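Reader: I am new to this structure and would like a close look at one part of it. Please start there, work outwards, and explain each term when it comes up.

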Amino acid sequence: MDELLLTIGNKNYSSWSLRPWILMKHLGLRFAERLLPLDTPEFARDIATISPTKRVPVLQHGALLVWDSLAICEYACELAGRGWPEDRGVRAVARAVCAEMHAGFSILRSQWPMNARALDRSSAPNLERSAELARIEDIWAGCRGRHGSGGPWLFGEYSVADAMYAPVVLRMRTYGAQLRETSAAYVGTVLADAHLREWLDAAVAESWTIETSEVGR
């Protein structure tokens with residue numbers, strides 16, 4: 001099989017890159033990793049040669065190019081033969097919550113940018129952001145309560161849904177979100193994950209700083 005090459009942005013800031021990276025780790029797929037520092041002349045030069053959207057992440061597999069995080073996750077699941085719930089109905093629910101994360105929560109994204117190495121950041125209260133956080137907690141409670149009996153993840157075993165919500169967990173950690181008991185338990189599971197710890201260690205070691213993402217200092 002041709003080598004998989006995943007091009008990502010800074011591990012400290014690139015929430016979109018984290019999603020396929022951590023899923024592919026959990027699926028046991030071997031892949032090469034290329035990191036392009038965001039917001040640099042080098043990024044603009046290099047990403048234009050491989051991505052039609054000029055954004056990361058991008059997966060290359062032989063002649064195939066996949067340039068969307070959720071599409072990369074779907075492709076990785078096809079390669080691995082797992083990564084979604086086995087039951088058709090539950091799989092549909094998992095896809096729905098992934099699509100909601102992929103397309104929504106714009107206030108949360110803008111006000112709480114992912115900053116993987118940052119802790120104890122402050123932010124002014126915001127009703128719209130609180131509503132989005134409450135919706136995420138409702139999603140997690142529903143997934144865990146109805147479909148999570150087979151393990152500690154949203155649908156029991158690790159799935160695309162867990163990968164899609166991993167950056168939200170890091171945002172909650174950075175900005176000190178006050179969580180329900182069930183949400184806090186899930187956040188603890190995510191933060192204890194060995195693959196996420198690997199990502200966080202690499203983020204801490206990075207020297208790049210993007211000032212627009214250094215919110216709440």
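Author: The account below starts with one helix and a residue in it, then goes on to other parts of the chain.

The model is predicted, so local features need pLDDT of at least 70 and side-chain atom pairs count only at pLDDT 80 or more, while totals for chains, interfaces and linings use all residues. Residues are numbered from 1 along each chain as its sequence is written, and side-chain values use heavy atoms, with hydrogens and water left out.

The part to look at is helix 1, which covers residues 15-26. Helices (H or I, at least four residues) and strands (E, at least two) are DSSP runs, numbered from the N terminus. Helix 1 has twelve residues, and from its first C-alpha to its last it reaches 17 Å. That is close to the 16 Å expected at 1.5 Å a residue, where the expected span is 1.5 Å times one less than the number of residues.

Helix 1 is mostly covered, with ten of its twelve residues buried. Buried means under 20% relative accessible area, exposed means over 50%, and partly exposed is in between (1.4 Å probe, protein chains only). The buried residues are Ser 15, Ser 17, Leu 18, Arg 19, Pro 20, Trp 21, Ile 22, Leu 23, Met 24 and His 26. After helix 1 comes Gly 28, and its phi is positive, near 75 degrees.

Within helix 1, take Trp 21. Its relative accessible area is 0%, so Trp 21 is buried. If residues up to four places away in sequence are not counted, Trp 21 touches Leu 6, Ile 8, Lys 11, Phe 31, Glu 33, His 195, Glu 198 and Trp 199; a contact is a case of heavy atoms within 4.5 Å. Gly 216 is 195 residues from Trp 21 in sequence, and their C-alpha atoms are 27 Å apart in space.

Two of the residues that Trp 21 touches, Leu 6 and Ile 8, lead to strand 1, which is residues 4-8 and holds Thr 7. Thr 7 counts as buried because its relative accessibility is 0%. Outside the four places on either side in sequence, Thr 7 touches Arg 34, Leu 36, Ile 50, Val 56, Pro 57, Val 58 and Gln 60. The side chains of Thr 7 and Arg 34 are also joined by a polar contact of 3.1 Å. A polar contact is a pair of N or O atoms within 3.5 Å; within protein, one must be able to donate a hydrogen and the other to accept it, and residues adjacent in sequence count only if both atoms are side-chain atoms.

Val 56 and Pro 57, both touched by Thr 7, are joined by a cis peptide bond with omega near 5 degrees. Pro 57 is in the loop between helix 2 (41-47) and strand 3 (58-61). Lys 54 lies in the loop between helix 2 and strand 3 as well. Its phi is near 60 degrees, a positive value in a residue other than glycine. Lys 54 is exposed, with a relative accessible area of 52%.

His 195, Glu 198 and Trp 199, also among the residues that Trp 21 touches, fall in helix 9, residues 194-205. Helix 9 packs with helix 8 (residues 181-192) at an angle of about 65 degrees, and the axes are 5 Å apart. Axes are lines fitted to C-alpha atoms, for helices over the stretch in contact, and angles run from 0 to 180 degrees between N-to-C directions. That angle makes helix 8 roughly perpendicular to helix 9. Angles under 35 degrees count as roughly parallel, over 145 as roughly antiparallel, 65 to 115 as roughly perpendicular and the rest as oblique. Helix 8 brings Val 190, Leu 191 and Ala 192 to the contact, and helix 9 brings Ala 194, Leu 196 and Arg 197. By class these are five nonpolar, no polar and one charged, where Ala, Val, Leu, Ile, Met, Phe, Trp, Tyr, Cys and Pro count as nonpolar, Asp, Glu, Lys and Arg as charged, and the others, Gly among them, as polar.

Helix 8 also packs with helix 6, at an angle of about 80 degrees and with the axes 9 Å apart. Helix 6 and helix 8 are therefore roughly perpendicular to each other. Here Glu 137, Trp 140, Ala 141 and Arg 144 of helix 6 meet Thr 182, Ser 183, Tyr 186 and Val 187 of helix 8. This contact has four nonpolar, two polar and two charged residues.
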